[in-house]
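I opened this notebook to record a few look-ups in one structure. The entries follow in the order in which I made them.

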Amino acid sequence: MSSFRAATRPFIANCWKINSNRVYIKAFSSVRNFPFGVCRESSPAPAEGFMPGLARSKLLKHTHEEALKNPELVDTGVVGGETKKMNFLQGVNDAMCITLATDETAVVFGEDVSFGGVFRCTLGLAEMFGKDRVFNTPLSEQGIVGFGIGMASVGHTAIAEIQFADYIFPAFDQLVNEAAKYRYRSGNEFSIGGLTVRSPSSAVGHGAHYHSQMPEAYFAHTPGLKVVIPRSPIQAKGLLLASIKDPNPVIFFEPKILYRAAGNYEYNGGYSDNRGPLIKIEQVPTGDYELPLGKAEVLKRGKDVTVVGYGSQIYTLEIAIQMAEKHIPGLSCELIDLRTILPWDVDTVAKSVDKTGRLVIAHEAPKTAGFGAEIAASVMERCFLRLESPIQRVCGWDTPFPLVFEKFYLPDVTRCFEAIKKAAEY
Amino acid sequence: MFTARSLVNRIVRTQAFRTCTITKVSRTFVTATRKCQNQEKVEFPGAPRSYFTEKLEFIHSIDAIPTYRVMDKEGKVLVPEEEPNITEEFATKIYKDMVTLNTMDLILYEAQRQGRISFYMTNYGEEAIISCGAALDPSDVIFGQYREAGILLYRGFTLDEFMNQCYSNEKDHGKGRQMPVHYGSKSLNFQTISSPLATQIPHASGAAYALKRTGKKNCVMCFFGDGAASEGDFHAALNFAATMQCPVIFFCRNNGYAISTPALEQYKGDGIASRGIGYGIDTIRVDGNDVWAVYNVTKAARQLAVDEHRPVLIEALTYRVGHHSTSDDSSAYRSKKEVETWMRYDNPITRFRKWLHNKGWWNDEKEANYRVDIRKEILKSFSKAEKIHKPSLTELFSDVYDKPTPNLIAQQKELREIIQKYPANYPLADFKNGGEDL
C-alpha cells in the first residue's frame, strides 16, 4: 500500500487538470502534426496515455439499444429490462451492490473502503448494507486476502479490495500458495471460490513506480487463480458479478484511468473542445447479469491483422487500428479484448490468427515474460503454418514504471500503429 | 512433559543452538528465578519469566503507557531538568527548519493544485520530528516513509534539491523516475523513499545489524505511520531487531489517520507502543508535537542503540493536519471542524515558538523577517527548478541494473527509431537535449 494510496476523486481529476493545462495542449498540437493527415479529426491526443480515444470510442455502448444488442446478454434476463448511464466505477459499485443485496453472506472490505474507498468504488455501500458488511480493515494486504480466504473457506462471499495493484505483493503468498491451491490440496474437500480480490491497476498519467503497475503476468503463472481485466462499465459490472459468483478465486484488475475518464463531463474540463461532444458513459443494464469468464470478445471484425489487448489498452489499440486502416488502404484489422487473462481464450485468438495470419499483442506491463509472451507462444503452437509475419509484441519496456518517462514507456498509439503496420507490410 | 532444562539439554546435544543463544537463555532464566521467589517458575526456555498460577484469568490490558513530554501546550517547560542543555543557535536552527518546511509545503501544495507538479504530501502538524534529526549523528542512517522531509532538511538537503525532485527534472537525484516527495540522498545517509508502506522497517533492522558488525558507533532510525504498523513487515522488523540486537530506533508517527482510517479502526491495543514491549524492545511514547520531548527520547534511544545494541520503539502522538496527499480530500471522512479544533488545541511550530519567545531567542520581528526571506528563497528555488529540463531520455533505461542488459539496449534502440520516425508524437522539447541523446 501506498504512501500515495490516496487516489480519490481529485487523483483522476488532477490527471485531467495537468493534462488539460499543459501536457494535453502539447499533445493536441502533436496530433495536428501527426504524419498521417487522415486521422486529424478522428484521433485525439495519441502520445499521452491519458486514454486517448475514450471520449469518442465506438466500443462504448451509448444507447439502451446498443447496450442490449450484446449476444452475451441474451440469456441473462436483462434484455427486456432497463439500462442506466454509468461510468466504470459505478458499474463496479453496482455489481457489489447487487451482490450485497442478493447474497446474505457477502461482505466488502479493504483499506478505506468504509467511506467509499480512495477511488469511491464502494461509495454508499456501508450506509446501505451496514458497517458489518462493508468495512475498513487494518492496513495489511496479506491480512485482507488471508481474511477473505478464511471467510470463503466456510462458504461465504468475500469481496476484498487491494487499494492499488502495486500493493498486492504482500498478499502474494496468500494468493499464490493459499487461494490458488486451496481446492487442489484438499482433494476438493475445501475451496474458496467465494473470494474475489478487486484492485485498481495500470497507468494513470502520473503514478510512477508504485501507482501504475499491471501485475497480471505474475498471477497468470498461478494455476488455480482466475485473472480478469474489464474495459468498460458494462463489462466491469458483468464480469465482476461473474467473478464474484465463480466458484474459484478471482483477481479482478480495474484499470483506474477508466474509472471516471469516460464519466463526468465537468471533470474533464478542458477536454471538451471542437472535436465534438464527449461521450460520457455507457448505458448499463440495471439488472443482475454475468458476462462469461475465460471468453475473449471480438470487438471488431477484420481479415488482415489480429490485434489483441485488454483493459484500458483496448482504446489505444482502437485508435491505432483506425490509423492503420486509413494509412494502408484496404487493410482490415480484427480487435480482440481478452477480458480474462487466466484461463485465457486461446481458441478465439487462434481462430482469428488462422484467418488473418498476423498478430499484434499489446500490454502495459514489461515485455519480458509478460502475458504477451504466453499468447505469442500459444499462437505459434496453434497457427505456425498460418503465420504470415512475426508476432509483434508492443509492451512496456523492461524497466520499472517511470514517472517522467511515462509517455515514452507505454505502448502508445504510435508504437501500436507501427506494429500493426509492420505486421501488415512484412 | 519435558522440563525446560531437559529441552535446553536436548538443544545443546543436537547443537542446534549457537552458544550465544544458550548463554542468553540461561542468564534470563536465572534472573527470572530471582524475581519470582515466592512462586513456582515455569521451566520453559521460551517464557523464562513466567510462573505458575492457579487463578484462571485472561489478561485484557496492561497499564496505559504514559506519554512523555517536556513542554505544555504553551511552550512552558514543566520539569526544568528535562529541558535539554542547548544553545540558541541549535534551537533556532530547528525552529527555522520547521518554518521552512511549513512554507515549502504551502508553496508546493499550491503548485500541485495548479498542475505544476504532479503530486505532493504536506508535513502539516508533524514538523516536530525535525528534532530527531538534531538528536542523531549525521552518519546515522535514516529510512523514511514519506513524511520526513523535515529531517532531510535538517541534515542539509537544499531547497534546490527538494524542488528538483518535485519537478522531476534532470537534477533530481532520482532522475525523475519517482513521484514527488520520494527524496533520497546518499551523502546525507537518507535512503530513498519508496511508496509501499512498511517495507523500509525490516530494511532498517538489516542495515542496523550491518552497522553493528562494522563496529561503528552509529545507529539506524526508521520512520513509519500508525497504518504501516499493521503490515507484516513491521512485526518482522521488530522481532528481527530484538532477536539480533540491532542498533535501530523505530519511530512511529501516530498521526491518527491512515488516509481515511482512524487509528481506532486500525488497532485495538494501547497504540503502537504496546507492541514493542511484546517484542522485548525498549519502548517509549512521546508527545509528538513537543520538539524537546521528541529530541530527548531520540537522544536517549540513540544511546541505548549505539552503546548497548538495544533496539528502541518510539511512538510519537501527533495529528495529520493536512490531507493524506494531494490525491486526497479529507473532508470526505473528517470534519473541517475537527481539524480546526486540533490546530487550535496544539501545533508543534507555535508551541516551540512560544518556548523560544520565553527564552528570549525569538521575537515577532525575527519571525516576520524569516518568513518573508525564506518564502523568497523557496520561490526562487522553485522557479529555477521549473525551468530545468527533464532528465535525458537515456535515463529511462539506465540503472535497471548496474550495466545495461541486451534486452534494454535493444529496447532503447527501438524507442530511438520510433521517436526518429514520429518526433512530433513525443514531448521531446521538455527533455534534456530535446531527446537527442537517446
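Entry 1. The model is predicted. I began with a pair of residues on adjacent strands: A:Phe109 stands opposite A:Phe135 in β3(A). I then looked up the strands involved and noted that β2(A) pairs with strand β3 of chain A, residues 134–136, in the parallel sense over three bridges.

Entry 2. I asked which other strand pairs with β2(A). I found strand β4 of chain A, residues 158–161, again in the parallel sense, over four bridges. Within this pairing, A:Val107 has A:Ala158 as its bridge partner in β4(A).

Entry 3. I next checked the two faces of strand β2 of chain A, residues 107–110. In a regular strand, side chains alternate between the two faces of the sheet. I recorded A:Val107 and A:Phe109 on one side, with A:Val108 and A:Gly110 on the other. All four are buried, and both faces of the strand are thus covered.

Entry 4. I turned to A:Gly370 and located it in the loop between β13 (359–366) and α14 (371–383) of chain A. Is A:Gly370 buried or exposed? I entered A:Gly370 as buried, because its relative accessibility is 6% and the cut-off for buried is under 20%. Setting aside neighbours within four places in sequence, I listed its contacts as A:Ala217 and A:His363. I also noted the C-alpha to C-alpha distance from A:Gly370 to A:Asp398, which is 9.7 Å, at a sequence separation of 28 residues.

Entry 5. Last, I looked up the domains of chain B: domain 1 spans 67–387 and domain 2 spans 393–435. I recorded 37 Å between the C-alpha centres of these two domains of chain B.

Note on methods. Residues are numbered from 1 along each chain as its sequence is written. Chains are lettered from A and ligands numbered from 1 in the order in which they are written. This is a predicted model: local features need pLDDT of at least 70, side-chain atom pairs count only at pLDDT 80 or more; totals for chains, interfaces and linings use all residues. Side-chain values use heavy atoms; hydrogens and water are left out. Buried means under 20% relative accessible area, exposed over 50%, partly exposed in between (1.4 Å probe, protein chains only). Contact means heavy atoms within 4.5 Å. Domain bounds come from an automatic or database domain assignment. Two strands pair if DSSP finds at least two bridges between them.
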